[in-house]
Structure formats: C-alpha cells, structure tokens
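Here is a short guided tour to read alongside the coordinates. Keep the viewer open and click on each residue as it comes up.

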Amino acid sequence: MTAIDTTAIGTTATDVTGARTPEAADVITGARERIDALDDRIIGLIQERVAVSAVIQEARIASGGRRVNLSREMDVLGHYRDALGKPGTALAMTLLELCRGKI
C-alpha cells in the first residue's frame with residue numbers, strides 16, 4: 001500500500017492517522033505500511049496452506065480414508081490455542097474451514 005495523498009482531499013496525515021502530531025503520524029503511516037506488507041505475506045501463506053491441505057486430502061481420499069482427520073484438527077486447534085490463547089482457537093477454526101474446502 002502506498003502513502004495516502006492527502007493534498008487532494010484537503011486533509012493532513014494527522015487527520016488520516018488519528019495522530020496529534022506529525023511525528024506520530026509518520027510513525028503510524030510507516031507501521032501501517034509494514035502491517036499491510038505483513039498481511040500480504042500472511043494471505044500468501046494461508047493460500048499456500050490451503051494448497052498443501054488439498055494435496056493431503058486428495059491422498060487421504062485416494063487411499064480410502066476420510067476427507068477430514070478430526071484428531072489432526074484437534075492437534076492444530078491445540079497448537080494455536082497454546083501459542084495465541086483463546087483467539088488462537090478461533091483463528092485455527094477459520095484456517096481449518098478455509099483448508100477443508102467444500103465438504
């Protein structure tokens with residue numbers, strides 16, 4: 001994401017960021033750019049995880065197994081919960097839902 005051009009809309013960087021000083025606005029703008037870059041990387045990793053999960057599901061089904069391995073999903077939920085607390089469980093549930101595909 002690029003810096004916001006505030007001149008065309010008559011606002012300042014402090015207006016856009018909610019900061020009260022130009023210095024704080026600069027820090028916020030830079031940090032937001034870093035967050036945007038991190039989000040892009042996270043999305044890419046999630047897309048990669050979805051693809052790897054599809055390979056696993058195909059192999060499991062081709063061998064006569066079920067599409068979803070509930071004990072593995074419980075391991076994943078526990079891993080995220082241990083690392084991130086209760087919100088980690090919600091995040092893991094979302095990832096699992098994305099990776100299962102249409103059931």
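The report below starts with the chain as a whole and then moves to helices, salt bridges and single residues.

## The chain as a whole

Please keep in mind that this is a predicted model. The protein chain has 4 helices and 0 strands, and along the sequence these follow the pattern α-α-α-α.

The protein chain counts 103 residues, and 16% of them are buried. Its exposed surface comes to about 7900 Å², with 60% of that supplied by carbon and sulfur atoms. Looking at contacts with a separation of 6 or more, 38% are between residues 24 or more positions apart.

## How α3 and α4 pack

Two packed helices are described by the angle between their axes and the distance between the axes. For α3 and α4, the angle is about 145 degrees and the axes are 7 Å apart. The crossing of α3 past α4 is right-handed.

Which residues of α3 take part in this meeting with α4? They are Glu73, Val76, Leu77, Tyr80, Arg81 and Leu84. Across from them, α4 brings Lys86, Pro87, Gly88, Thr89, Leu91, Ala92, Met93, Leu95, Leu96 and Arg100.

## Leucine 91 in α4

A good place to zoom in is leucine 91, which sits in helix α4, residues 86-100. Setting aside neighbours within four places in sequence, leucine 91 is in contact with Tyr80 and Leu84. Both Tyr80 and Leu84 belong to the α3 side of the packing described above.

Leucine 77 is another residue to select here: its C-alpha atom is 8.7 Å from that of leucine 91, and the two are 14 residues apart along the chain. Is leucine 91 buried or exposed? Leucine 91 is partly exposed, because its relative accessible area is 41%, which falls between the cut-offs of 20% and 50%.

## Two salt bridges

The model holds 2 salt bridges. One of them joins the side chains of arginine 100 and glutamate 73, with an N to O distance of 2.7 Å. This pair links distant parts of the chain, since arginine 100 is in helix α4 and glutamate 73 is in helix α3 (residues 70-84), 27 residues apart. Both partners are buried: arginine 100 has a relative accessible area of 18%, and glutamate 73 has one of 12%. Each value is under 20%, so each residue counts as buried.

Besides glutamate 73, arginine 100 also touches Gln57, Arg67 and Val68, not counting residues up to four places away in sequence.

The other bridge is between aspartate 82 and arginine 81, where the closest N and O atoms are 3.6 Å apart. Here aspartate 82 is exposed, because its relative accessible area is 62%, while arginine 81 is partly exposed at 44%. Arginine 81 also appears among the α3 residues that meet α4.

## Threonine 17 at the end of α1

Now move to helix α1, residues 13-17, where you will find threonine 17. Threonine 17 counts as buried because its relative accessibility is 11%, under the 20% cut-off.

What does threonine 17 touch, leaving out residues up to four places away in sequence? Its contacts are Ala25, Ile28, Thr29 and Arg32. There is a polar contact to look for as well: a polar atom of the threonine 17 side chain lies 3.1 Å from the backbone nitrogen of alanine 19.

## Glutamine 47 and cysteine 99

The last stop is glutamine 47, in helix α2, which covers residues 22-62. With a relative accessibility of 53%, glutamine 47 counts as exposed, because the cut-off for that class is over 50%.

How many residues apart in sequence are glutamine 47 and cysteine 99? They are 52 residues apart, and their C-alpha atoms are 8.8 Å apart in space.

Technical notes. Residues numbered from 1 in each chain as written. Predicted model: local features only at pLDDT ≥ 70, side-chain atom pairs only at ≥ 80, totals over all residues. Heavy atoms only, no water. Helix = DSSP H or I, 4+ residues; strand = E, 2+ residues; numbered from the N terminus. Buried < 20%, exposed > 50% of the residue type's maximum accessible area, 1.4 Å probe, protein only. Contact = heavy atoms within 4.5 Å. Areas by Shrake-Rupley, 256 points an atom, 1.4 Å probe, with all protein chains shown as cover. Polar contact = N/O pair within 3.5 Å; in protein donor to acceptor, adjacent residues only side chain to side chain. Salt bridge = Lys/Arg side-chain N within 4 Å of Asp/Glu carboxyl O. Axes fitted to C-alpha atoms, helices over the stretch in contact; angles between N-to-C directions. Left-handed = near helix turned anticlockwise from the far one by under 90°.
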